[in-house]
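These exercises ask the reader to work from the coordinates to a reasoned statement, one step at a time. Each task is followed by its solution.

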Amino acid sequence: MDDEIHDLGKGFWSIRGSFIKNGVLDIGVQSALIKLASGRFIFLDSYKLTGDVREQVMGLTNDGKDVEAVLNVHPFHTVHCAQMAKDFPQAIFYGSRRHHQQVPEVHWAKDLVESATVAARYTELEFSLPKGIYYISPDENIHAGSLLVYHPASQSIYVDDTFEIPPSKLFNAVQPTLGLHPTTKQALKDAKNAGEQYCAWATALAHQWRDTHYFCGAHSGLVEFGKGEFEAALLSAVAAARSELQSL
């Protein structure tokens, strides 16, 4: 998969990259560049920028000097953090507790990326941490938890693994559909009402971010939703999974 950068308007660029799993399958990965009202920039997630995409990013950001921070929102997406820190040495790097542990060579900010402090610092974005499932699962193979980010100006939602677009819908001409990450059931916390908490959270999010136009998924692609379609798609996904999640 060739690296791509998509201008979604209002200061939001979706960066699509390559990630080879098990040395065979390219499942893709993402990052995003956001221009703040201050004129400075932040990244969502780390990615090793190369070629034309790197040139475009450097052109937008004054050769990288205007990048003030990198917000690494998925605890298990750590491969490119060290390189990103070398490429943007002046930026503040925010991550989860797992980022600190897995990539200790990066000078991480004391405030964790999922903290209220970081959310208060970047009020041009909205953040949501799933309830009822682990953000950092004890099982290294369970990646359903991630910090979701919404950019109201461009109506773009940035989701690493928690929700995904089914592969058959990536190039569809009909209303896009959403699915929950396949490990959501395994990611539920050991609490009696964990499934109920998750479903309530996802339902509230569908309403709160109902105006979503662009869906940026790490491994499932970039798709557009028409008015009201994201809300309907997420509510449908929750309804389909509710009985199984709440029965545990």
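**Exercise 1.** Determine whether R54 is buried, partly exposed or exposed, and then characterise its contact with D87.

Solution. R54 has a relative accessible area of 29%, so R54 is partly exposed (buried means under 20%, exposed over 50% and partly exposed in between, with a 1.4 Å probe and protein chains only). D87, by contrast, has a relative accessible area of 17% and is buried. Their side chains meet in a salt bridge at 3.4 Å, N to O (a side-chain nitrogen of Lys or Arg within 4 Å of a carboxyl oxygen of Asp or Glu). Because D87 belongs to helix 2 (residues 81-87) and R54 to helix 1 (residues 51-60), the pair ties together parts that are 33 residues apart in sequence (helices are DSSP runs of H or I with at least four residues, strands runs of E with at least two, numbered from the N terminus).

The model is predicted, local features needing pLDDT of at least 70 and side-chain atom pairs pLDDT 80 or more, whereas totals for chains, interfaces and linings use all residues. Residues are numbered from 1 along each chain as its sequence is written, and side-chain values use heavy atoms, leaving out hydrogens and water.

**Exercise 2.** Compare the expected span of helix 7 with the distance between its end C-alpha atoms, and locate its kink.

Solution. The expected span is 1.5 Å times one less than the number of residues, so the 18 residues of helix 7 (residues 229-246) should span 26 Å, which agrees with the 25 Å between the end C-alpha atoms. A kink of about 40° is nevertheless centred on A240 (the bend being the angle between axes fitted to the seven residues ending there and the seven starting there).
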